[in-house]
Amino acid sequence: MHFLKRTTSTAVALAALVGTAALAGASPAAAADYRCTTSTKSIDDPSYSGPWADNWNVTVRLCARHSGSTVSTYAKINWDGPVYSRADDRSIFDGAYFTLQVKKSVSGTDPVKKSVRYYGIESRLENSTSNGNYNNSYTTPVLSSTISSGKGLADGELHLDWNSDGRSYWKYQFSASPAV
């Protein structure tokens, strides 16, 4: 009898842990009330002029939701990078970050209510497979701001400081989310 009770208790505890893990792993996109826009850019590596393909195809999905007076946003960035001769090359960029913004939707230029730079993307950009293929993704944390009246939206830009290109950061803009 103790064996059955212990097995049942263990099964219930494991089921609870699995359910909790599934919820913890859910992305911000799991909430149905986010509205998103996806846009793609092909970005040339300006520090390389050789014969091999060197473009990074970057797709950014910017999402926003409005709940009460709070607008919450996040970005999911995916890229299909080139295949370089070195795996996990930490010298591709001198720096990289993604700027996520919460903006208030108005006629004309939308004012920025809150803006954060996420530098964690650089290590992901420079991380490859063992074959030197630089495909990966990065999702920002959720960024929220109060917008008491009207609508808000998510906007974002990728900033890349390419190694050995003679310039500082290049800015790549993507399409904003719908106003919510």
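In what order do the elements of the protein run from the N terminus on? In this predicted model, the order is α-β-β-β-β-β-α-β-β-β-β. The protein thus described holds 2 helices and 9 strands. Of its 180 residues, buried residues make up 36%. Contacts were also considered by separation along the chain: among those between residues at least 6 apart in sequence, 68% join residues at least 24 apart.

The pairing of strands β1, β2 and β3 was examined next. Strand β1 comprises residues 35–43 and strand β2 comprises residues 56–67. These two strands pair in the antiparallel sense, and the pairing extends over 9 bridges. Within this pairing, Thr-37 stands opposite Leu-62 of β2. Strand β2 is also joined to strand β3, which spans residues 70–83. Here 11 bridges connect the two strands, and they again run antiparallel. One of the residues involved is Val-58, whose bridge partner in β3 is Trp-79. Strands β2 and β3 form a hairpin with 2 residues between the strands. In this hairpin, Gly-68 takes a positive phi near 65°.

Strands β1 and β2 are also connected by a covalent link. The count of disulfides comes to 1, and the disulfide is formed by Cys-36 and Cys-63, with their sulfur atoms 2.0 Å apart. The link of Cys-36 and Cys-63 is right-handed, with 115° about the S-S bond. The pair links distant parts of the chain, since Cys-36 lies in strand β1 and Cys-63 in strand β2, 27 residues apart. The two cysteines were also assessed for exposure. Cys-63 counts as buried because its relative accessibility is 0%, which falls under the 20% limit for a buried residue. Cys-36 has a relative accessible area of 23% and is therefore partly exposed, as this value lies between the limits of 20% and 50%.

The final feature considered was the largest pocket, in which about 160 Å³ of space lies. Its lining includes Asp-45, Ser-47 and Tyr-48. Tyr-84, Ser-85, Arg-86, Asp-89, Ser-91 and Ile-92 also line the largest pocket, as do Asn-163 and Ser-164. By class, the lining of this pocket has 3 nonpolar, 5 polar and 3 charged residues.

Note on methods
Residues are numbered from 1 along each chain as its sequence is written. This is a predicted model: local features need pLDDT of at least 70, side-chain atom pairs count only at pLDDT 80 or more; totals for chains, interfaces and linings use all residues. Side-chain values use heavy atoms; hydrogens and water are left out. Two strands pair if DSSP finds at least two bridges between them. Helices (H or I, at least four residues) and strands (E, at least two) are DSSP runs, numbered from the N terminus. A disulfide is a pair of cysteine sulfur atoms within 2.5 Å. Buried means under 20% relative accessible area, exposed over 50%, partly exposed in between (1.4 Å probe, protein chains only). On a 1 Å grid over the protein atoms alone, a cavity is a set of points where a 1.4 Å probe fits but cannot get out, and a pocket is an open set with protein on both sides within 12 Å along at least five of seven lines; lining residues have an atom within 4 Å of a point. Grid points are joined across faces, edges and corners, and a volume is the space filled by probe spheres set on the points. Ala, Val, Leu, Ile, Met, Phe, Trp, Tyr, Cys and Pro count as nonpolar, Asp, Glu, Lys and Arg as charged, and the others, Gly among them, as polar. Contact means heavy atoms within 4.5 Å.
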